[in-house]
Amino acid sequence: ELYAYGDTDKVEATGMTKAQKEQISEALHSETDEMFKSMMLSHDNAVAITDYYIADRKANMTLKAKVKKDDDKNPVVELTATPIDTRGAKQQMDKNEDLVAMGVYIGLAQQQGVDVRTDPVYQQGAVESLKGVIDDMPYDSEKTLDVTCELVKSDDGKTLYWAPKDPQAIRKFLDGE
């Protein structure tokens, strides 16, 4: 849940500290904010669209986890999810007339020396266009990923908890990469 939508109500069961949970959540939000800022959104609009996008993931992505291999050193958890259909999303975005118009608008604005990050017309149109893209984002059928875990210490050093050996593999899996 933390890697999918930056939040979970099960943090105490993991043994993580609140700070560790926030670190994972912040990383997801920051990475997504940067993706939307690259579309020439203002900081505030990038944050708002990130929140919209993560809420969409939470509403549409199913997640299940079960222990596949119980092991004292490196247990394996089978993660089942309906990740983003990246191929379908790319095809959808390539055909989206609003996104094409955003690109044209950016090009014309740059020729005139206008920064679209401060242009309210562009910002409003971009936010609405991106919400539409997110609303139409396709999710894939159920896929599974075996996640090898390892024991790590909590930030306070008081407890141990199981964490994925390769958190980036989970991120890529959920993003349909």
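**Exercise 1. The largest pocket**

Find how much space lies in the largest pocket of this predicted model, and which elements line the pocket.

*Solution.* Start with the volume: the largest pocket holds about 870 Å³ of space. Next, look at the lining. It is made of 26 residues, and those closest to the pocket centre are E1, T14, A65, V77 and W162. Then sort the lining by element: α1, α2 (11-14), β1, β2, β3, β4 and α8 each give two or more residues. Finally, pick out the top contributor, which is β1 with five residues.

**Exercise 2. The sheet**

Work out the strand order of the open sheet and name its edge strands.

*Solution.* Follow the pairing from one side to the other: the four strands come in the order β1-β2-β3-β4, with antiparallel pairing. Now check the ends. β1 (63-69) and β4 (160-164) each pair on one side only, which marks them as the edge strands. Zoom in on one pair: β1 and β2 are joined by six bridges in the antiparallel sense, and V67 stands opposite V77 in β2. For the twist, ignore direction and average over neighbouring strands; the turn comes to 35°. One last step is to add the helix: α8 lies across β1, β2, β3 and β4, and runs at about 155° to β3.

**Exercise 3. The largest nonpolar core**

Identify the residues of the largest nonpolar core that touch the most other members, then trace the contacts of L41.

*Solution.* The core has 33 residues, and the best-connected members are F36, L41, I49, Y53, Y122 and L174. Mapping the core onto elements, two or more residues come from each of α1 (2-5), α3 (18-37), α4 (43-60), β2 (76-81), α6 (97-111), α7 (120-135), β3 (143-153) and α8 (167-174). Of these, α7 gives the most, with six residues. Now take L41 and set aside its neighbours within four places in sequence: the contacts left are F36, A46, I49, R117, Q123, A126, V127 and L130. Do not merge in the other core, which lies apart and has six residues, including L2, V11, M16 and Y161. As background, nonpolar side chains in soluble globular proteins tend to be buried together.

**Exercise 4. A109**

Decide whether A109 is buried or exposed, and place it among its surroundings.

*Solution.* First locate the residue: A109 sits in helix α6. Its relative accessible area is 7%, under the 20% cut-off, so A109 is buried. Leaving out residues up to four places away in sequence, A109 touches V114 and V116. As a final check on distance, A109 and Y122 are 13 residues apart in sequence, with their C-alpha atoms 9.6 Å apart in space.

How values were computed: Residues are numbered from 1 along each chain as its sequence is written. This is a predicted model: local features need pLDDT of at least 70, side-chain atom pairs count only at pLDDT 80 or more; totals for chains, interfaces and linings use all residues. Side-chain values use heavy atoms; hydrogens and water are left out. A nonpolar core is a set of buried Ala, Val, Leu, Ile, Met, Phe, Trp, Tyr and Cys residues joined through side-chain atoms within 4.5 Å. Buried means under 20% relative accessible area, exposed over 50%, partly exposed in between (1.4 Å probe, protein chains only). Contact means heavy atoms within 4.5 Å. Two strands pair if DSSP finds at least two bridges between them. Axes are lines fitted to C-alpha atoms, for helices over the stretch in contact, and angles run from 0 to 180 degrees between N-to-C directions. On a 1 Å grid over the protein atoms alone, a cavity is a set of points where a 1.4 Å probe fits but cannot get out, and a pocket is an open set with protein on both sides within 12 Å along at least five of seven lines; lining residues have an atom within 4 Å of a point. Grid points are joined across faces, edges and corners, and a volume is the space filled by probe spheres set on the points.
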